[in-house]
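User: I have just opened this one and have not looked at anything like it before. Could you walk me through what there is to see, starting wherever you like?

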Amino acid sequence: MSKIKGQNFRLLQNAAAIPEATNCSITLQGNAEDTSTKDTEGLFTEETITSTQWSAQVDTYQSDTTALRSIISTFIAAQAVPVGWDQTGGAQNRVAQNANFKRSGNALLNDFTMNFNDRETVAVSLQFQGTGALS
Amino acid sequence: MQKGQYIRLLVSTAANPLTVVAAAKQMALHGSAQTEDSSSKDTTGNALEYEVTGQSYDITGSGLVLTPNDTLLTGAVGLNDFESWLQDQVLNWKICVMEGTNNRTVVETIASGQGKLTNLQIQAQNKQNATYNYTINGYGAIVPGADAGE
């Protein structure tokens, strides 16, 4: 049994690991609709998944000024960018392993927060809204 | 890694030149996009497709309340200035990497734009420094790097 550690499960943007990340989370959602009818016996609902969507969030210490401007530019462009995730390893834990966990798709950068606090490392949070299916 | 004290907010108005916020403690730039499900019957599969239909941003921060004659207010802005901006007044802002004495020499601009002060709160807890928190709502687009309205 091989357990994957958090540092080896990384969010990728444009096929590259988002640098200096401390945490990431991915949400896959099936939107359910209650399709029970009068024909349904009993009191319970019967759900049908009518659509799916996904999103991803990452926290980083991404403090390089060029990277900060790039984030703002990506946000302003309002265009989907390649986003995915994979098991990673190797140099700086950034080498995609193309393992069973690899997923890729396109997503909009729909939220970002850059925290510039006194006596703290600059911290950045990014939220991506997936658009279209994952492969 | 870059430390927060070296990245500061500077503000100018039509009447006042660009000056740094004195004795700042925290500052954050937050952008948010309004997205809309744009998938239709023409969309193959079950996955929803989204597009951005609106964008907004705000700058929030906090600082220490200084007495009006504090030398740190020389060439800088403080609570009194924020109070005067709490009206329908366009502020020009820049977020810059700073260095030098009191971290007040601009090295590099990260982003700039225009905004309006929408919220100002003063906190004065017993046995603690008095502080204030502010929110500047973006007015128009963020400009990465380049100046806006200067």
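User: Which side chains meet in a salt bridge with N to O at 2.6 Å?
Analyst: Those are the side chains of B:E108 and A:R69, which meet at 2.6 Å, N to O; please keep in mind throughout that this is a predicted model.

User: And where do the two partners sit?
Analyst: The pair crosses between chains, with A:R69 in helix α1 (residues 65–77) of chain A and B:E108 in strand β7 (residues 105–123) of chain B.

User: Is B:E108 buried, partly exposed or exposed?
Analyst: B:E108 counts as partly exposed, because its relative accessibility is 25%, and the partly exposed class runs between 20% and 50%.

User: How many salt bridges does the rule find across the interface of chain A and chain B?
Analyst: The rule finds one across that interface, while a search of the whole structure finds three over all chains.

User: OK, let's stay with the interface. How many residues of each chain are in contact there?
Analyst: On one side there are 36 residues of chain A, and they are in contact with 35 residues of chain B. Between them the two chains bury about 3100 Å², with 58% of that on carbon and sulfur atoms.

User: Which three residues supply more than any other three of the area that chain A buries?
Analyst: They are A:R69, A:F75 and A:F116, which supply 19% of the area that chain A buries against chain B. A:R69 is also the residue that meets B:E108 in the salt bridge.

User: What about polar contacts, how many residue pairs are there between the chains?
Analyst: The count between chain A and chain B is 19 residue pairs in polar contact, with both residues at pLDDT 80 or more.

User: Which elements of chain A supply at least two residues each to the side that touches chain B?
Analyst: On chain A these are β4 (47–60), α1, β7 (103–115) and β8 (123–131). The largest share, eight residues, comes from β7(A).

User: And what is that side made of, by class?
Analyst: The side of chain A that touches chain B has 17 polar, 13 nonpolar and six charged residues.

User: You mentioned β7(A). Which strand of chain B does it pair with?
Analyst: β7(A) pairs with strand β3 (residues 24–37) of chain B, in the antiparallel sense and over five bridges. To follow it residue by residue, you could begin at A:T113, whose bridge partner in β3(B) is B:H30.

User: Back to salt bridges. What are the others?
Analyst: One is formed by A:R119 with A:D118, where the closest N and O atoms are 3.0 Å apart; at 63% relative accessibility, A:R119 counts as exposed. Another brings together the side chains of B:D88 and B:K116 at 2.5 Å, N to O. That pair links distant parts of the chain, since B:D88 is in the loop between α1 (79–84) and β6 (91–99) of chain B, whereas B:K116 is in strand β7 of chain B, 28 residues apart.

User: Why does B:D88 count as exposed, and B:K116 as buried?
Analyst: B:D88 is exposed because its relative accessible area is 66%, which is over the 50% limit. B:K116 counts as buried because its relative accessibility is 19%, which is under the 20% limit.

User: New topic: what does B:N103 touch?
Analyst: Not counting residues up to four places away in sequence, B:N103 touches B:Q5, B:Y6, B:R8 and B:M98. B:N103 has its place in the loop between β6 and β7 of chain B, and it is buried, with a relative accessible area of 16%.

User: And B:K127, where is that?
Analyst: B:K127 is found in the loop between β7 and β8 (131–138) of chain B, and at 78% relative accessibility it counts as exposed. B:K127 and B:V107 are 20 residues apart in sequence and 36 Å apart in space, C-alpha to C-alpha.

User: Last one: what is there to say about the backbone at A:N14 and A:E20?
Analyst: Most residues other than glycine have a negative phi. Phi of A:N14 is positive, near 50°, and phi of A:E20 is also positive, near 55°. A:N14 lies in the loop between β1 (9–13) and β2 (16–17) of chain A and is partly exposed, with a relative accessible area of 49%. A:E20 is found in the loop between β2 and β3 (21–34) of chain A and counts as partly exposed at 28% relative accessibility.

Methods:
Residues are numbered from 1 along each chain as its sequence is written. Chains are lettered from A and ligands numbered from 1 in the order in which they are written. This is a predicted model: local features need pLDDT of at least 70, side-chain atom pairs count only at pLDDT 80 or more; totals for chains, interfaces and linings use all residues. Side-chain values use heavy atoms; hydrogens and water are left out. A salt bridge is a side-chain nitrogen of Lys or Arg within 4 Å of a carboxyl oxygen of Asp or Glu. Helices (H or I, at least four residues) and strands (E, at least two) are DSSP runs, numbered from the N terminus. Buried means under 20% relative accessible area, exposed over 50%, partly exposed in between (1.4 Å probe, protein chains only). Contact means heavy atoms within 4.5 Å. Buried area is the accessible area (1.4 Å probe) that two parts lose on being put together, summed over both. A polar contact is a pair of N or O atoms within 3.5 Å; within protein, one must be able to donate a hydrogen and the other to accept it, and residues adjacent in sequence count only if both atoms are side-chain atoms. Ala, Val, Leu, Ile, Met, Phe, Trp, Tyr, Cys and Pro count as nonpolar, Asp, Glu, Lys and Arg as charged, and the others, Gly among them, as polar. Two strands pair if DSSP finds at least two bridges between them.
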